[in-house]
Amino acid sequence: MSTQAPAPPSPAPGGPAPAGDVPLFYRRGFRRLLQQGLYVAATALLFWYIYDALNLREFGFGFLNDPAAFKVANQWLIDVDGVTSSRIEMYLVGVWASLRVVFVAILLSTVVGIVVGVSRLSSNWLVARMAMLYVEVFRNTPLLVQVVLVYAIFLVGAPIIQEVLNIGDFAFLSNRGLAIPWPVPDAGWWGAPDWFVGVWVALLIAIGAVAMTVRRQRQVRERETGQPHYANRWAFGIFAVGALVTFIVLGLPVSIDRPYVEGTRYLEGMVIRPEFAALTIGLTLYTGAFNAEIVRGSIQALPRGQTEAANAVGLSAYQRMTLVILPQALRQMIPSITNQYLNVNKNSSLAYAVLYDDLFRVAGIIQNKAGHALEMFFVIIVTYMLISLVISALMNFINARVTRVGV
Amino acid sequence: MRLPSLQGRRLVSALLFAGAALVAGAVIGACTSDEDQQQAQAVEQQTQQDQDQPAAQVSGEPRGNTIQLIQDRGTLLCGVKQTQPLFGNRDEDGNVTGFDIEFCKAIAAAVLKDANAVEYVDASDASTRFELLADGQIDILIRTTTITSSRDMELDVDFAQTTFYTGQGFAVRKDSGIDSTSDMANASICVQTGTTTEQNVADHFTDIGLDYEPTGGLSQDVAAAFFEGRCDVLTADASDLASRIVVRDNADDYKILPQIISKEPLAPGVRDYDSDWKDVVNWVVHGLIRAEEIGLTQANVAAMASNPPNTEVARLLGVPFEGGSVSTLGFEVVDAQFIQRAIAAVGNYGEIYDREIGDAIPRDCTLNALARPLPSEAVDCGPGEGGIMYALPYR
């Protein structure tokens with residue numbers, strides 16, 4: 001375009017008749033130049049404004065290397081001591097906390113969405129109405145309200161730690177969280193000798209290859225004979241059994257760590273904190289309602305003939321849904337579901353309301369102490385964008401795979 | 001020195017523009033790179049020129065006469081908290097009451113001769129309180145605000161005499177068996193978000209070599225979580241803790257540990273560069289403290305004014321002593337009896353404390369006690385204890 005810009009009077013290639021007596025303002029070339037000029041000027045003004053704003057303050061990210069000097073609980077697989085670690089490390093702890101919530105909420109909301117979405121179309125009056133009630137309640141109330149409500153229910157509803165609910169000496173529930181047994185490595189990574197991991201991973205790859213081969217063979221035979229050969233089930237079974245057997249054969253070097261309560265603290269085991277639970281459940285219920293509508297819409301968008309054809313060849317209701325309807329509906333729903341996943345990422349910032357230390361709250365603590373609001377918000381925005389872009393990329397990959405087959 | 005409001009607006013606009021510019025820049029960048037570069041150079045030159053000029057016009061300039069403004073308006077716009085019992089709280093009937101409110105009344109009585117000529121502006125939101133002041137939406141900020149060097153230097157606020165000394169403390173259930181932070185190994189601690197709250201706890205626990213499990217958030221949220229038993233310990237300003245506990249039905253189940261791990265002097269804030277206004281606020285606070293030091297009360301101030309026992313009382317109350325002339329004390333901007341009216345309106349410092357806070361936060365031997373109590377009211381304090389409320393001399 002820039003090559004066209006300096007030649008205002010000449011009409012654009014393929015344009016209409018020569019200018020002649022057309023007034024300057026109505027000439028296409030002049031119009032284009034004017035539009036581009038305004039655009040450039042506006043952009044330059046914006047850049048100048050930002051530049052000016054940044055110049056008024058000390059802009060830089062050096063403060064992120066300073067000691068954090070605060071602590072964050074709810075760390076999983078990591079143990080960053082906030083006192084000696086830097087601010088950026090603590091921020092990454094917050095990012096990791098956000099990622100865990102987003103991942104779990106996306107998984108659960110998908111399950112909820114499919115179950116409720118299919119239920120809404122059930123011929124069972126009660127099931128369909130219950131599903132509708134769920135969707136209407138959770139779709140039409142603010143997420144903030146739901147998250148705070150779930151947290152309040154947890155705090156008020158669950159017993160206090162002094163009256164902890166002992167579930168068969170196996171798990172414990174109080175408003176300090178749910179403590180469950182958890183596998184713990186005895187020594188080293190997963191408690192194994194160093195070579196264990198390598199051997200096991202190599203074996204897993206081998207078993208995986210075997211499983212995929214079996215799957216392909218059974219798929220081919222199914223196509224040839226017309227008889228069901230359950231290729232996926234076979235492949236998954238082979239892999240699961242193989243992984244478990246090799247794991248046991250190699251010595252099962254992981255012990256199960258059972259929680260117990262001492263005084264007012266949970267010791268050992270894995271504690272699912274109420275803050276994490278509230279945020280994840282809130283996000284799941286809210287997003288699940290939207291996902292359910294997407295699932296329902298995608299199913300209803302299929303031509304009625306698909307259902308009739310499935311009935312005609314004598315498939316059961318379950319087979320009709322899993323073999324005919326859902327595989328086709330899935331392709332349609334992926335773009336809309338992607339939007340919901342991105343919303344989960346963004347909405348996870350409501351962690352603020354339930355005392356969960358996600359990336360936004362940790363950034364807030366840093367900002368409270370260090371100032372540098374502009375830089376901090378820049379970092380926050382870039383982080384959320386990166387997470388969103390990764391989710392988009394993964395979903396686009398899946399979308400490309402499922403639509404490649406063609407209907 | 002810049003207006004925070006200006007910074008705030010710049011920040012928001014800059015972020016909005018940054019987003020728009022990213023998109024615009026990506027589109028434009030491809031087709032009009034030449035023009036863009038020229039523009040960028042022009043921008044650079046322009047900014048260079050800007051930098052040569054003084055960055056902020058505010059610095060050093062008088063900021064208008066707040067006292068004149070208040071007297072012309074006839075009401076004092078007092079920015080107060082409306083969500084914290086004891087200090088600044090709105091009750092069911094819509095009345096705003098509390099320790100900070102009494103100082104609004106005292107200042108209104110001093111400047112406007114009417115303790116009720118106050119409009120209480122809601123400054124509950126901590127993040128915008130200084131902007132309310134800088135933008136002129138309030139004349140004075142009396143809202144449990146800590147004096148810190150960075151606020152004084154960076155924001156458009158000047159702090160007057162401290163009205164309440166507090167610090168970060170810890171609240172626990174009485175039956176928890178916790179008597180000091182050394183009993184808090186691996187305790188679950190609800191930490192109120194603040195400018196330094198998180199750091200104070202982290203620093204303290206590093207010093208005493210213990211670990212803890214924090215749950216952090218806004219004041220009312222963490223307090224609610226604590227009272228439901230989510231945490232063993234709640235930490236915030238001791239005055240904040242007291243105000244959260246005192247309104248509960250089971251207030252007796254909780255206690256605030258005597259241990260204090262930070263300095264939080266709470267003071268009224270006024271705009272920078274308005275010395276007359278700050279002076280008046282300062283001397284009203286000192287006057288109320290002085291009144292307590294010499295036994296002037298709401299009840300006896302009228303009698304004292306008509307028959308002052310000594311020259312100092314006469315000066316303080318702005319009345320002639322044994323037929324002499326009235327000393328203005330140099331306060332040309334308000335009349336000589338401004339402290340007399342303040343005392344008549346709300347009583348002396350001790351009376352305000354007893355009425356608004358009372359036993360919720362015991363006063364004896366804390367920093368808020370008088371440094372020089374009347375001999376009849378002196379209390380034996382332990383080593384290292386004792387008040388620092390000390391009025392500067394009126395003469």
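Here is a short exchange about how some labels in this predicted model follow from its computed values.

Me: Glad to have you here! Why are α2(A) and α7(A) called oblique to each other?
Reply: The axes of helix α2 (residues 87-120) and helix α7 (residues 274-301) of chain A cross at roughly 40°. Angles under 35 degrees would count as roughly parallel, and 65 to 115 as roughly perpendicular. The pair falls in neither range, and is therefore oblique.

Me: What else describes this pair, and which hand does the crossing of α2(A) and α7(A) have?
Reply: The two axes come within 6 Å, and α2(A) passes α7(A) in a right-handed crossing. By class, their contact has 14 nonpolar, nine polar and two charged residues.

Me: Now over to chain B. What makes P320(B) count as buried or exposed?
Reply: The count of other C-beta atoms within 10 Å of P320(B) is 12. A residue is exposed if that count is 12 or fewer, so P320(B) is exposed.

Me: Where does P320(B) lie, and which residues does P320(B) touch?
Reply: P320(B) lies in the loop between α12 (311-317) and α13 (338-346) of chain B. Leaving out residues up to four places away in sequence, P320(B) touches A314(B), S325(B) and V326(B).

Me: How do you know where the domains of chain A begin and end?
Reply: The domain assignment gives domain 1 (1-52), domain 2 (57-181 + 272-407) and domain 3 (183-257). Taken over C-alpha atoms, the centres of domain 1 and domain 2 of chain A are separated by 47 Å.

Key. Residues are numbered from 1 along each chain as its sequence is written. Chains are lettered from A and ligands numbered from 1 in the order in which they are written. This is a predicted model: local features need pLDDT of at least 70, side-chain atom pairs count only at pLDDT 80 or more; totals for chains, interfaces and linings use all residues. Domain bounds come from an automatic or database domain assignment. Axes are lines fitted to C-alpha atoms, for helices over the stretch in contact, and angles run from 0 to 180 degrees between N-to-C directions. Helices (H or I, at least four residues) and strands (E, at least two) are DSSP runs, numbered from the N terminus. Angles under 35 degrees count as roughly parallel, over 145 as roughly antiparallel, 65 to 115 as roughly perpendicular and the rest as oblique. A crossing is left-handed if the near helix is turned anticlockwise from the far one by less than a right angle, and right-handed if clockwise. Ala, Val, Leu, Ile, Met, Phe, Trp, Tyr, Cys and Pro count as nonpolar, Asp, Glu, Lys and Arg as charged, and the others, Gly among them, as polar. A residue is buried if 20 or more other C-beta atoms lie within 10 Å of its own, exposed if 12 or fewer, and partly exposed in between; C-beta atoms are placed from the backbone. Two residues are in contact if their C-beta atoms, placed from the backbone, lie within 7 Å.
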